[in-house]
Amino acid sequence: MKQIRLHGRGGQGAALASQMLANAFVVEGKHAASFPMFGFERRGAPVISFVRFDDLPVREKTQIYAPDCMLVLDPGLQRLPNLFDGLSPESTLVLNSSKEVTESPSDNLKTTAVVNASAIAIAEVGRNISNTCLMGAFCAATGWLKLDSLHEAFKFYFSGKLLENNKNSATRGYNEVKLIEW
Amino acid sequence: MSTKIEISGETKGERRVLTGNAAAAYGALLARPDVVALYPITPQTEVVELLSQFHANGLLDAEMIQVEGENSAMSSIIAASVAGGRVFTATSSWGLAFMYDAFLMAAGTRTPAVMVNVNRETPGIYSVSCSRQDMMSVRDAGWIQIEVETTQEVLDTVLMAYRLAEDNDILLPVMVSYDGYYLSFMSEDMEIPPQEYADRFLASLKEQPERLKLVPGGPLGFHAHALLEDFMEYRYKHVAAMERTKNKLVEVEKEFEDIFGRNYHGAVEEYRCEDADIVLMTMGSSTGTARVAVDKKREQGIKVGLVKLRLFRPFPKEIVAKVLKGKKAVGVIDRSVCFGWDGGHLYNETKAALYDSGQNVKLVDYITGIASLDITIDHLERAIDEVGQAAKGKPVKDVTWLPLE
């Protein structure tokens with residue numbers, strides 16, 4: 001089983017991203033489960049969500065403390081003292097950032113995948129909702145999921161122009177992400 | 001959280017990734033209710049959103065009442081049920097509190113309503129978070145209460161709830177509960193069964209004697225007045241109907257399995273209990289986590305099992321006593337606080353059930369998962385270790401607040 005933790009802020013789509021990822025793994029014939037954790041629904045408040053996928057059914061309904069991969073939707077969240085807790089030397093970080101990353105954000109990381117997902121989302125979707133772009137980058141960084149499966153999963157959530165825009169955003173994330181090995 | 005979903009017209013089920021809330025909405029849709037009255041509240045809101053969407057799309061052919069509060073939601077469906085309709089509503093915590101008088105009325109009038117309650121902390125300490133304090137606060141209201149573990153079980157149990165509620169031998173309201181956040185927002189791969197299956201499963205309800213209905217021009221008194229022994233007789237019959245639910249659930253699940261190919265083992269499920277010296281006892285979403293903890297401990301050679309309680313009201317005391325027979329110690333995982341007793345509700349109920357059976361099984365209670373606290377695999381492994389100590393006769397606290405203590 002692989003475990004993925006997403007960090008965002010209310011309104012940025014971290015919760016929906018975890019659902020879409022779970023859906024995409026199921027498209028590939030795997031079992032998956034995801035859920036978000038937040039208190040009151042407030043825009044801008046930190047939101048965490050979790051995804052597990054496996055060849056066997058996922059039974060545990062508990063938060064993720066040792067993620068194999070972490071997605072950070074909002075660059076400002078890096079200031080949170082506990083953000084990177086639970087990472088391991090084998091973990092992958094997928095980071096939305098407009099800045100070049102020259103130092104490893106955590107001592108416990110194998111790969112950092114950086115993409116300017118906000119800029120891509122504004123260009124492709126018309127709003128700073130970076131989730132679908134970052135999921136495309138996730139596919140490239142981990143190799144756990146095909147981009148096509150992600151596109152397929154989007155169909156359950158978007159239609160028409162919005163579907164096309166988000167597919168484009170994910171594709172650009174996939175193509176434009178920079179992978180840094182530490 | 002809403003997702004764009006259309007129901008398939010095929011005869012095969014549809015594999016989908018859905019939240020517990022979406023599963024509840026699909027369960028209600030497949031039951032073909034006549035009247036649905038809903039008011040949104042976190043973490044139940046998605047149920048309202050989806051059923052409204054189904055109604056707007058023409059999938060849900062029901063009278064949809066957008067009420068101004070939960071008290072009206074419950075009052076509306078009682079009235080619709082009295083007029084002969086199949087009814088549905090859903091709520092949580094403050095909403096349940098706000099409908100309290102109507103909620104009691106539904107039980108007292110033997111209204112065959114089905115309601116989903118998404119478990120959330122109760123008013124007082126302001127916290128939009130999970131616990132079973134809300135459903136436990138109405139355990140003596142006279143409703144049948146079933147608590148579920150997975151999103152698939154949410155959908156399936158909503159369908160089963162109609163077979164209990166509207167059965168001529170029962171005629172009682174049924175509450176299907178699931179944990180807020182940990183199940184309401186949990187997306188899992190599951191099956192939306194074909195409408196044809198649901199229709200076949202519910203068809204037998206049409207063959208039973210017609211319910212007494214309030215119809216225009218035919219004056220009838222519902223909400224009967226009674227005193228003394230007349231009143232007592234109503235209560236007596238109500239309790240007898242609740243007792244009949246225990247066997248009825250087994251019958252209903254058997255028929256469910258024949259059609260849908262799934263089964264939840266009736267009121268109580270035993271997991272790896274056969275040769276177990278000690279067991280954990282759980283309800284709801286943390287049961288899945290407990291399965292993992294039990295498997296891990298089994299790999300270390302510890303003979304531990306798991307008992308999942310599904311039917312909370314009526315409390316299946318005979319089955320609980322039977323499955324715990326011969327166990328050396330039991331660790332109860334409670335997600336609610338039984339004020340005035342040092343312990344949780346499941347602990348107290350289980351203790352009472354064991355007393356009746358004359359068994360002296362050591363019970364250890366864990367109050368955990370309060371206000372969305374995560375019930376982790378580590379917590380449950382610690383509980384198993386301590387229960388193992390208790391089984392060896394070593395001193396272990398009767399009630400532990402985990403992870404506070």
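Helices H8(B) and H9(B) cross in a right-handed way in this predicted model. H8 covers residues 195-202 of chain B and H9 covers residues 228-260, and their axes come within 10 Å, crossing at roughly 150 degrees. Angles over 145 degrees count as roughly antiparallel, so that is what we call H8(B) relative to H9(B).

Which residues make the contact? On the H8(B) side they are Tyr197(B), Ala198(B), Arg200(B) and Phe201(B), and on the H9(B) side Val252(B), Glu255(B), Phe256(B), Ile259(B) and Phe260(B). Sort them by class and you get seven nonpolar residues and two charged ones, with no polar residues in the contact.

Now for the sheet in chain B. This one is open, with seven strands in the order S3-S2-S4-S5-S7-S6-S12 and mixed pairing. If you're tracing it in the viewer, start at an edge: strand S3 (63-66) and strand S12 (311-313) of chain B each pair on one side only. From strand to neighbouring strand, the turn averages 20 degrees, ignoring direction.

Let's zoom in on one pair of strands. Strand S6 (residues 144-147) and strand S7 (residues 174-179) of chain B run parallel and are joined by four bridges. To find your place there, look for Gln145(B), which stands opposite Met175(B) in S7(B).

What packs on this sheet? Helix H1 of chain B, residues 20-30, does, and it touches strand S4 (87-91), strand S5 (114-119) and S7. The direction of H1 makes about 160 degrees with that of S7(B).

How values were computed. Residues are numbered from 1 along each chain as its sequence is written. Chains are lettered from A and ligands numbered from 1 in the order in which they are written. This is a predicted model: local features need pLDDT of at least 70, side-chain atom pairs count only at pLDDT 80 or more; totals for chains, interfaces and linings use all residues. Side-chain values use heavy atoms; hydrogens and water are left out. Axes are lines fitted to C-alpha atoms, for helices over the stretch in contact, and angles run from 0 to 180 degrees between N-to-C directions. Helices (H or I, at least four residues) and strands (E, at least two) are DSSP runs, numbered from the N terminus. Angles under 35 degrees count as roughly parallel, over 145 as roughly antiparallel, 65 to 115 as roughly perpendicular and the rest as oblique. A crossing is left-handed if the near helix is turned anticlockwise from the far one by less than a right angle, and right-handed if clockwise. Contact means heavy atoms within 4.5 Å. Ala, Val, Leu, Ile, Met, Phe, Trp, Tyr, Cys and Pro count as nonpolar, Asp, Glu, Lys and Arg as charged, and the others, Gly among them, as polar. Two strands pair if DSSP finds at least two bridges between them.
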